[in-house]
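Q: Hey, I'm new to this one. Can you walk me through it?

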Amino acid sequence: MPNDPVPAPRPAGSNDLDLPLVDSVALRRLIEEVRKREAGDPAGATLYNRTYHRHNR
Amino acid sequence: MPTIALAGPYAPLAPCDSAETPFRYFLADRCLTPEIESALLQWLEGSVPWKLVETDFYEQYEFDLRDAALPGELAVLVAPEALGCLRGKMECALSCPLGPRVDVVAHRLDPGQRIAIHNDLREGGETHRLTVQLNRGLSDEDGGFFMLFNSDDANDVHRILRPASGSAIGFAISAASHHAVSRLYGGTRYTLVYSFHVAAGG
């Protein structure tokens with residue numbers, strides 16, 4: 001919402017940026033969400049990079 | 001100039017963590033002054049020229065800040081002096097001399113969108129990146145995590161970072177700089193993406 005406040009700064013040195021890497025269903029789900037498509041799909045890191053730059057330059 | 005470093009919009013940027021493997025990067029709790037961060041978030045939520053970019057493997061809204069009419073209080077973000085200060089901080093944090101060109105692109109991720117694993121490497125392209133998170137507060141249930149990997153295998157997770165508003169990650173782009181953004185389930189996740197180029201002969 002536009003009127004919501006910006007979150008307050010975190011205390012210096014706090015480590016709340018890291019999500020703990022615990023083997024879990026939640027972690028497996030995150031990995032699946034960012035996995036490249038499997039063999040036969042041309043979409044890989046190189047194609048991503050080219051596409052990203054075509055749209056941003 | 002020292003006065004810019006102390007008082008410019010990027011004055012808060014200071015690494016709170018850094019690493020050399022799997023690629024050179026640093027983290028910062030804050031990048032922008034609170035006043036700029038607040039004004040920027042409000043502006044991004046308004047009428048800015050978002051373009052939806054859809055591919056087989058990512059989907060997000062983007063626009064280049066060069067294509068936008070920045071409001072007066074935000075013009076300092078792209079002022080040469082301020083970008084020069086930011087470039088100096090990147091040079092110190094990543095131990096690499098950088099050239100004067102700095103590009104700034106805004107990204108917006110809406111629920112359902114994600115960015116698959118990639119490394120940003122492009123022949124002749126930028127060599128260093130700074131990504132600044134901006135949002136109204138995202139919970140772990142909202143997703144949108146910035147994920148770092150040890151290789152191009154999504155199973156090979158190095159680190160997962162919450163998209164805490166105001167936080168930033170700077171890194172050297174290489175064949176090893178694999179990262180991704182997990183699917184967003186709630187809220188809106190904005191980022192400012194700064195691109196730098198290694199200095200000639202650097």
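Here is a short chat about the two chains.

A: Sure. This is a predicted model, where local features need pLDDT of at least 70 and side-chain atom pairs count only at pLDDT 80 or more, while totals for chains, interfaces and linings use all residues. Residues are numbered from 1 along each chain as its sequence is written, and chains are lettered from A and ligands numbered from 1 in the order in which they are written.

Q: Cool. What secondary structure does chain A have?

A: Chain A comes to two helices and zero strands. Helices (H or I, at least four residues) and strands (E, at least two) are DSSP runs, numbered from the N terminus.

Q: And how much of chain A is buried?

A: Of its 57 residues, 12% count as buried. Buried is 20 or more other C-beta atoms within 10 Å of a residue's own, exposed is 12 or fewer, and partly exposed is in between, with C-beta atoms placed from the backbone.

Q: Which residues of helix α1 of chain A are buried?

A: In α1(A), residues 25-34, they are Leu30(A), Ile31(A) and Val34(A). Seen down the axis of α1(A), they fall within an arc of 100° (taken from the directions from the helix axis to the C-beta atoms), so they line one face of the helix.

Q: Why would residues a few places apart share a face?

A: An α-helix has 3.6 residues a turn, so residues three or four places apart point the same way.

Q: What's on the other side of α1(A)?

A: Val25(A), Arg28(A), Arg29(A) and Glu32(A), which are exposed there.

Q: And what covers the buried residues of α1(A)?

A: The cover includes β6 (115-118), β8 (146-149), β9 (157-161) and β11 (179-181) of chain B. Contact here is C-beta atoms, placed from the backbone, within 7 Å.

Q: Switching to chain B: which way do β3 and β4 run?

A: Antiparallel, with four bridges joining β3(B) (residues 51-54) to β4(B) (residues 59-64). Strands pair if DSSP finds at least two bridges between them. β4(B) also pairs in the antiparallel sense with β5(B) (residues 98-109), over four bridges.

Q: What stands opposite Glu62(B)?

A: Lys51(B) stands opposite Glu62(B), and Glu62(B) stands opposite His107(B) in β5(B).

Q: Where's the cis peptide bond?

A: From Thr21(B) to Pro22(B), with omega near 0°. Pro22(B) is in the loop between β1 (15-19) and β2 (25-28) of chain B.

Q: Last one: is Asp120(B) buried or exposed?

A: Asp120(B) counts as buried, with 23 C-beta neighbours inside 10 Å. Its phi is near 70°, a positive value in a residue other than glycine.

Conventions. Two residues are in contact if their C-beta atoms, placed from the backbone, lie within 7 Å.
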